[in-house]
Amino acid sequence: MPYLTSTNEILAIVAKYTTAKTLWIDTEVAEYKSRNPKLSLIQVLDDPEDMSGDRVYILDVLDRPDLVVNFIEQIMFDSAIEKVFHNASYDVKLLGNKKAKNITCTLELAKKTPYYLLPLPNYKLQTLASVLCNFNYIDKQEQTSDWGQRPLTEEQIDYAYLDCIYLAQIHSRLLELQTESNPDAEQEDLIALGTRYTQIEEQCKLLNSEFEHLQERIKKAMQAQNVSETSFCKLTGYERKTVKVQFAELVKIVQNQGINLDFPVTLTQKLQKDLGQNLEQLSVDIDISTAWRLTPKNQVNEDESE
DNA sequence: AGTCGAGTAATGCTTGACTA
DNA sequence: TAGTCAAGCATTACTCGACT
């Protein structure tokens with residue numbers, strides 16, 4: 001895990017990365033609580049197979065805006081290079097923001113994976129690494145350490161490069177899960193799917209009804225007993241505020257005050273009916289969409305059907 | 001601490017089955 | 001044919017969790 005501090009070395013490796021197809025990237029930030037967090041490290045891996053860390057380069061960019069700008073322009077803005085991050089929105093904000101191209105976020109990939117295929121208590125990098133790739137004993141202590149200090153400790157460097165390794169491994173496992181869970185709709189076995197569907201339908205109903213019932217009872221009971229927290233759950237109430245006005249009054253004030261306010265209003269069936277003939281004078285926008293609905297058939301038993 | 005998208009719960013709307 | 005009802009959607013207002 002080469003740790004690079006010299007300008008020339010960093011420029012050279014970034015130049016090399018411009019020909020990469022995919023890069024796995026993580027950053028460490030100093031003063032993250034302040035209003036102006038600054039980049040401390042950019043860790044880059046260009047070979048997902050590497051588990052030794054030899055291919056993770058740690059670029060020290062603390063107080064080196066020139067190097068950061070160079071990285072952003074050479075790598076982040078290049079749509080030919082796929083950049084993989086965990087919770088990309090955080091890192092990308094410091095690395096070119098909206099103009100960054102071709103970003104992949106493993107957090108989003110993981111969340112998109114159906115829960116039953118990837119049942120996890122949370123989607124932290126650490127959790128994904130241990131469940132998906134069997135990396136246990138991950139120490140996250142350094143995450144909140146002082147990334148603005150120099151020299152960095154050995155532990156900090158170790159932590160910094162390991163995150164990239166986890167990232168690449170997680171990414172590849174997530175891609176596997178994705179292909180597995182997104183089969184070609186043309187090729188699906190409708191019989192097998194239907195069998196499974198009816199198989200769990202009854203369980204689903206039973207569980208759901210009990211679950212919802214319990215939820216209601218607990219809510220009611222906690223309110224009645226004035227308990228806000230038990231060892232199982234907590235109950236929080238909040239006020240929902242909705243501001244309403246009569247339509248006629250709104251129209252009047254907009255006209256009288258010359259307020260620039262215009263937006264489409266959905267004409268519900270009731271409104272359409274109320275408008276009656278007048279509807280024809282309006283230049284309505286009609287949006288047509290198809291909603292698909294699955295209705296299970298009651299499988300009739302062969303013996304009973306006669 | 002700050003951000004931003006995703007999740008959640010309540011509420012209202014639409015639709016289609018059912019009835020008379 | 002019109003009225004009623006429940007299931008399923010859509011929308012809204014708010015919270016949560018991920019990163020450092």
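Reader: What is the order of the strands in the open sheet, and how many strands does this sheet have?
Author: This is a predicted model. Its open sheet has six strands, in the order β1-β4-β3-β2-β5-β6. The pairing is mixed.

Reader: Why are β1 and β6 called edge strands?
Author: Each of them pairs on one side only. β1 covers 3-4, and β6 covers 103-105.

Reader: How do you know that β3 and β4 pair?
Author: Two strands pair if there are at least two bridges between them. Five bridges join β3 (residues 38-45) to β4 (residues 56-60). Therefore β3 and β4 count as paired. They run antiparallel. One bridge partner can be named: L41 is matched by D60 in β4.

Reader: Which helix packs on the sheet, and which strands does this helix touch?
Author: Helix α6 does, spanning residues 154-181. α6 touches β1, β2, β3, β4, β5 and β6. Its direction makes about 145 degrees with that of β2.

Reader: What makes a set of residues a nonpolar core, and which residues have the most contacts inside the largest one?
Author: The members must be buried residues of certain types, such as Leu, Ile and Phe, joined through side-chain atoms within 4.5 Å. The largest such core here has 62 residues. Those with the most contacts inside it are I42, L59, F71, L95 and I170. Helix α6 gives the most to this core, with 12 residues.

Reader: What is F71 in contact with, leaving aside its neighbours within four places in sequence?
Author: F71 is in contact with V14, I25, I42, V44, L59, M76 and L95. Contact requires heavy atoms within 4.5 Å, so each of these residues meets that limit with F71.

Reader: Why are L125 and T127 of helix α5 called buried?
Author: Buried means under 20% relative accessible area. L125 and T127 are buried, so each falls under that cut-off. L128, A129, L132 and C133 of α5 are buried too. The buried residues of α5 pack against α4 (106-112) and α6. After α5 comes N134, with a positive phi near 60 degrees.

Reader: What makes helix α8 hardly covered?
Author: α8 (residues 247-257) has 11 residues, and the count of buried ones is one. G258 follows α8, and its phi is positive, near 60 degrees.

Reader: What helix and strand content does the chain have over residues 197-224?
Author: That span is 100% helix and 0% strand. Its end C-alpha atoms lie 39 Å apart. An unreviewed UniProt entry annotates residues 197-224 as "coiled-coil region".

Note on methods:
Residues are numbered from 1 along each chain as its sequence is written. Chains are lettered from A and ligands numbered from 1 in the order in which they are written. This is a predicted model: local features need pLDDT of at least 70, side-chain atom pairs count only at pLDDT 80 or more; totals for chains, interfaces and linings use all residues. Side-chain values use heavy atoms; hydrogens and water are left out. Helices (H or I, at least four residues) and strands (E, at least two) are DSSP runs, numbered from the N terminus. Axes are lines fitted to C-alpha atoms, for helices over the stretch in contact, and angles run from 0 to 180 degrees between N-to-C directions. UniProt positions are given in the numbering used here, feature names are shortened, and annotations may be inferred rather than shown by experiment. Buried means under 20% relative accessible area, exposed over 50%, partly exposed in between (1.4 Å probe, protein chains only).
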